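This briefing is arranged by topic for use at the bench. Please consult it alongside the sequence and the coordinates displayed below.

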Amino acid sequence: MKQAALSVHKLNVSVRSASGTVNVVKSVSFDLAAGEVLALVGESGCGKTKTAEAIMRLIPHDIGQAQADTIELNGVNLEALPEKRMRDIRGRKISMVFQEPLTALDPVFTIGSQLSSVYRRHRGQSKRKARASSVDMLDRVGIADSRRIMKTYPHQLSGGMRQRVMVSMAMACQPRVLIADEPTTALDVTTQAQVLSQLVGLGHESGTSILLITHDLGIVAQYCDRAMVMLHGQIVEEAGVTELFSRPQHPYTRELLAACPGAAVL
Ligand SMILES: Nc1ncnc2c1ncn2[C@@H]1O[C@H](COP(=O)(O)OP(=O)(O)OP(=O)(O)O)[C@@H](O)[C@H]1O
Ligand SMILES: [Mg+2]
């Protein structure tokens, strides 16, 4: 079998709460194949974001703790890396589009300077080349007046525009793996479809594997190859999308499907 782009084995995450430590991700294991779009689906609070943050090693010590047998990115065990190496890999080899785009963008720098800095830092481009690459990337994610947008600050943009900017920043380095955490939840249906198509399209072009976190089965049906269903921190079912929709095994998956009849149109 071909080596997985991302291989997670027995990932556990616990968070501190007033009443003690709570296990919110329980023994999660999966492989993400090269070029694959894999969905992580489940209700609010089931542990999707914590799974993503743990893979990215972004869970602050005061919030909780992650532990896994292995988290391998192209055969490199991320868990064993010193933080400095991990910082280098984050963004370059594995990147994430966050659920809250405002918190992920720096309010004091223009979109142009933030996006250009990705091209300069991770791809070693000159200032001029990085600006050109940034304008090009903004065009590709469907931003019409990209030159003007380069000069704006995050708070001046609509939610949809910010998500497009986040997608461009995450894809700028052509990472091996992209984790997209509900990247379009806050958007209207049309914008949602555009942003997701661009994300998946860019992924296909650059051979990036995508872990797409969502609670929307319509999105799973339309954009994903395979899906994992998460319930209370555990993966209860994993299958190819066609199989999942035609022969759901777990009662919770059936419940999800029954609640979303439109998603069955494949
Ligand atoms: N900072 C935190 N401190 C304490 N508990 C937290 C913290 N963040 C998340 N949790 C808890 O961890 C569990 C998993 O949270 P997580 O954010 O991974 O859920 P999710 O599946 O991403 O939900 P949503 O669909 O709403 O984004 C939840 O029960 C949540 O209450
Ligand atoms: Mg979440």
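Is strand β3 (residues 37-41) largely enclosed by the rest of the structure or exposed, and why? In this predicted model, five of the five residues of β3 are buried, so the strand is largely enclosed by the rest of the structure. The points below begin with the chain as a whole, return to β3, and then turn to the hairpin, helix α1 and the ligand.

**Overall architecture**

- The protein chain contains 11 helices and 11 strands.
- A compact globule of 266 residues would have a radius of gyration near 18 Å, and the protein chain agrees with this because its own value is 18 Å.
- Taken along the principal axes, the box filled by the C-alpha atoms of the protein chain is roughly 55 × 45 × 45 Å.
- Of the 266 residues in the protein chain, 41% are buried.
- Among contacts in the protein chain with a separation of 6 or more, 66% are between residues 24 or more positions apart.

**Strand β3 and its partners**

- Burial applies to both faces of β3: Val-37, Ala-39 and Val-41 are buried on one side, and Leu-38 and Leu-40 are buried on the other.
- Strand β9 (residues 209-214) runs parallel to β3 and is joined to it by five bridges.
- Strand β10 (residues 226-231) also runs parallel to β3, with four bridges joining the two.
- Ala-39 has a residue opposite it in each of these partners: Leu-212 in β9 and Ala-227 in β10.

**The β1-β2 hairpin and Phe-30**

- Strands β1 and β2 form a hairpin, with two residues between them.
- The pairing of β1 with β2 is antiparallel and extends over nine bridges; one pair of bridge partners is Leu-11 and Val-28, the latter in β2.
- Phe-30 belongs to strand β2 (residues 20-32).
- Phe-30 counts as partly exposed because it has 18 C-beta neighbours inside 10 Å, whereas a buried residue requires 20 or more.
- Apart from neighbours within four places in sequence, the contacts of Phe-30 are Val-8, Met-228, Ile-235 and Glu-238.
- Ile-235 lies 205 residues from Phe-30 along the chain, yet the C-alpha atoms of the two are separated by 9.1 Å.

**Helix α1**

- Eight of the eight residues of α1 are buried, so this helix is largely enclosed by the rest of the structure.
- The buried residues of α1 are Lys-48, Thr-49, Lys-50, Thr-51, Ala-52, Glu-53, Ala-54 and Ile-55.
- Arg-57, just after α1, adopts a positive phi of about 55°.

**The shell around ligand 1**

- Ligand 1 is surrounded by 14 residues, of which the closest are Val-24, Ser-44, Lys-48, Thr-49 and Lys-50.
- Two elements, β1 (6-17) and α1 (48-55), give two or more residues to this shell.
- The element that gives the most to the shell is α1, with three residues.
- By residue class, the shell around ligand 1 comprises four nonpolar, eight polar and two charged residues.

**Points to retain**

- Strand β3 is largely enclosed, since five of its five residues are buried, and parallel bridges join β3 to β9 and to β10.
- Helix α1 is likewise largely enclosed, since eight of its eight residues are buried, and α1 gives the most to the shell around ligand 1.

Definitions and conventions:
Residues numbered from 1 in each chain as written. Chains lettered and ligands numbered in written order. Predicted model: local features only at pLDDT ≥ 70, side-chain atom pairs only at ≥ 80, totals over all residues. Buried ≥ 20, exposed ≤ 12 C-beta atoms within 10 Å, placed from the backbone. Pairing = 2+ DSSP bridges. Rg over C-alpha atoms; globule rule 2.2 N^0.38 Å. Contact = placed C-beta atoms within 7 Å. Near = placed C-beta within 6 Å. Nonpolar A, V, L, I, M, F, W, Y, C, P; charged D, E, K, R; others polar.
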